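Colleague: Could you take me through one spot in this model at close range, and then out into its surroundings? I would love one connected account rather than a list.

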Amino acid sequence: MMGEVILEAKEICKYFGGLKAVEKVDMQVEKGDIFGIIGPNGAGKTTFFNICSGIYQPTSGDILFNGESIINQRPEHIAKKGMARTFQNIKLFKNMSVLENIKIGFHNRTKTTMFDAIIRNKKYRVDEEVIVREGIAILEKVGLSEYRDTLAGNMAYGLQRRVEIARALALDPQIILLDEPAAGMNPMETHALMTFIQNINKEGYTIVVIEHDMKFIMSMANKVLVLNFGQKIAEGTPEQVKQDEEVIVAYFGKGLDLGGGH
Amino acid sequence: MRTDEMRNDIPKTSFWRRQMSGVRDFGKGIFDKIKAIYEKRKLQINLIIILLLLVFPYLARSNYIMGIACRMLMYSVLAGSLNVINGYSGQFNIGHAGFFLIGAYTEAIFATQFGISFWPLLAVSGAFAAIVGFLISLPTLRLRGIYLAIVTLGFSEILRVIALNWSSVTGGAMGIKSIPSPTFFGMTISNSSNYYYIFLFIAILFLAVTGRVLKSRVGRAWISIREDEAAARSLGVETRFYKSINFMYGAFWAGVAGAAFAPYYRFIASDMFTLDEGFNILSMVIIGGQGTLVGPLVGSIIVNLITEVFRFAARYRMVVYATLIIVMMWWRPQGLVGAYDSVFAIKKSQRKPVRMASAKEAGEE
Ligand SMILES: Nc1ncnc2c1ncn2[C@@H]1O[C@H](COP(=O)(O)OP(=O)(O)OP(=O)(O)O)[C@@H](O)[C@H]1O
Ligand SMILES: [Mg+2]
């Protein structure tokens, strides 16, 4: 199975008026990868994610998910095909409890209709039972059991990020796109998150992760894509990328720490 | 627990703010306690309430009081169905009177022209309203907030104007008269004391069915759209489909209420379904509490009581409504029954957890 491409971007461009937010970006994510995307602020990382997950249509180029083109498909259909994501500015259902948030993640995996719900037939009962059971299991897995009935909007910032990942897991996706999952976390939380991502990766989830934290990317990803001003300036293993001239310029220009180095 | 913690950091500024939050807490005590008791003994309390409601006409012994009761029940279905749209899926419909109109006219036309009996027409009128609800949902799927509100408002007026001018079918300005009363096993149901049971039946059915829908995958999908549409879509919720279904569901019950209303009044005319009527229904939802099942019911009771009390001064009734809505917005924006920590409760800025090192948020929307 290894080596099989699951998500592929072909010369993706996205222009906002005159602004070239993403310019001819190629990417090949293989099954089982932890694929890192880095780049300075405004490099186009989030925009690129939004194209992959169907929120934006690219100006040109193509996205293949399991070999099938998914541009022109709506986000909900892409989600159904097995792609989950989190958002840089956390998008939780704030007035729902943590467990209810997770339950929405099961939307695709259950088939209860309004009619089933009204007469409370077997389909409804089985679906609800499965959702609660597996939802609780996911909460345990991400260590949020004690918060199951807490309103998501009342959780601490770091925990909210975890709820969002848990919700994505409820989709049972093949691939998960994480947009700066460690933003706003303290070093301990970040470390726990890294371990967690590695664990779910071992379970078979392919992961694409945007992160500013270089240590995070360099120690976890097996492949890294570097964007700057919308363009791909480097791609390869963390070691290759670290030594790339252009990357060093892009990053030291911004005064960022490359991590691990000194 | 957590809401207490959060609220503690709101009022530390001024004396006046502390007083204000004290007033707010007053509501918290009463309604949240009632809710807690209710949750504990749901079944028994429901049974007792239904029993009391069933014998109520024998206790009241007054057609006048039963008339008020009928209106309260009918409006609780109207307000409740509007709440499914505005409170649960977060769409903004202010033209609910339009669906009410469709239901009433469908019943009246089929009953007077074709002699079809009342009971099947309840469902037929609901279905007609749902179809109209579907049609109105199509162009509005891409609209939100105030834009959607304006479309629903315009659509409600268009329906009224059609009813006013399509004389051959709707009776035009004369309206439709002599709408036959329903019969039940040979018994004609005409006065308020009897008709009460029809409204009661519909209201209970509405609450029971809606409660079930809301606690299912469908209801959760609606709420997720209210909370964050982009997130809902990223989790595979077909938001267009669920928004449409949501409009249809709300419209259906408004249609059913309309169908029950027409033969109750025995006469309908287009001026019964003006925008005022739409706002009237909306005010019940706001006063009672959006996004809660019993809120609109409480809102309907209160607004109808006010209507009765101020009947002698009909002109000033609107002033009372307005004052009440403003007071509610200040005191309990989530409505009387709204949970203390509901969406509509505290201003967003006061609810947000503190964000450390909040990253730049460009590009998500
Ligand atoms: N909807 C939009 N309309 C116009 N411009 C946009 C839009 N979304 C993003 N941009 C612009 O596109 C560029 C890339 O933004 P993007 O959010 O993708 O960057 P990023 O790499 O995710 O940055 P950060 O690290 O700050 O999250 C920025 O200049 C941004 O202002
Ligand atoms: Mg970004």
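Is K103(A) buried or exposed, and what is its relative accessible area?

Modeller: Happy to, with the reminder that this is a predicted model. K103(A) is buried, with a relative accessible area of 12%; the cut-off for that word is under 20%. The residue sits in helix α3 of chain A. Setting aside neighbours within four places in sequence, K103(A) is in contact with E128(A), I131(A) and V132(A), and also with R220(B). That last name takes us across to the other chain, and it is a good place to widen the view.

The interface comes next. In total, 53 residues of chain A are in contact with 48 residues of chain B. On the side of chain A, N95(A), H107(A) and M114(A) lose the most area to chain B, together 16% of what that side buries. The two chains bury about 4400 Å² between them, with 55% of this on carbon and sulfur atoms. As for the polar part of the meeting, 12 residue pairs are in polar contact between chain A and chain B, both residues of each pair being at pLDDT 80 or more. Helix α3, the home of K103(A), is among the elements that each supply at least two residues to the side of chain A that touches chain B. The others are α1, α2 (75-80), β6, α4 (114-119), α5 (122-141) and α6 (157-170).

Now for the charged pairs. Side chains of opposite charge can pair when their charged atoms come close. Between chain A and chain B the count is four salt bridges, while over all chains it comes to 19. One of the pairs across the interface is E76(A) with R233(B), at 2.8 Å from N to O. E76(A) belongs to helix α2 of chain A and R233(B) to helix α11 (residues 229-234) of chain B, so this pair joins two chains. The partners have their own surroundings: E76(A) counts as buried because its relative accessibility is 1%, whereas R233(B), at 21%, counts as partly exposed. A second bridge links K80(A) to E238(B), whose closest N and O atoms are 2.5 Å apart.

Salt bridges also form within each chain. In chain A, the side chains of K123(A) and D116(A) meet at 3.2 Å, N to O. Here D116(A) is buried at a relative accessible area of 5%, and K123(A) is partly exposed at 39%. In chain B, E227(B) pairs with R226(B) at 3.1 Å, and E227(B) is buried with a relative accessible area of 15%.

R226(B) leads on to S89(B), since the two are in contact. S89(B) lies in the loop between α4 (63-88) and α5 (96-114) of chain B, and at 2% relative accessibility it counts as buried. Neighbours within four places aside, S89(B) is also in contact with V84(B), W222(B), I225(B) and N246(B). With N246(B) there is a side-chain to side-chain polar contact of 2.8 Å.

A helix of chain B deserves a look as well. Helix α12 (residues 239-265) of chain B has 27 residues and spans 39 Å from its first C-alpha to its last, close to the 39 Å expected at 1.5 Å a residue. Most of α12(B) is covered, 21 of its 27 residues being buried. Just after this helix, R266(B) takes a positive phi of about 70°. Stepping back, chain B as a whole holds 16 helices and two strands. Of its 365 residues, 52% are buried. Among its contacts between residues at least 6 apart in sequence, 75% join residues at least 24 apart.

Let me finish back in chain A, at the metal. The magnesium ion (ligand 2) has T46(A), through OG1, and Q88(A), through OE1, as its protein donors, 1.8 to 2.1 Å away. T46(A) lies in helix α1 (residues 45-52) and Q88(A) in the loop between β6 (83-85) and α3 (98-105), so the pair ties together parts of chain A that are 42 residues apart in sequence. Both donor residues are buried. That loop runs up to α3, the helix that holds K103(A), which brings us back to your starting point.

Methods:
Residues numbered from 1 in each chain as written. Chains lettered and ligands numbered in written order. Heavy atoms only, no water. Donors = N, O, S within 2.8 Å, 3.2 Å for Na, K, Ca; no water. Helix = DSSP H or I, 4+ residues; strand = E, 2+ residues; numbered from the N terminus. Buried < 20%, exposed > 50% of the residue type's maximum accessible area, 1.4 Å probe, protein only. Expected span 1.5 Å × (residues − 1). Contact = heavy atoms within 4.5 Å. Buried area = accessible area lost by both parts, 1.4 Å probe. Polar contact = N/O pair within 3.5 Å; in protein donor to acceptor, adjacent residues only side chain to side chain.
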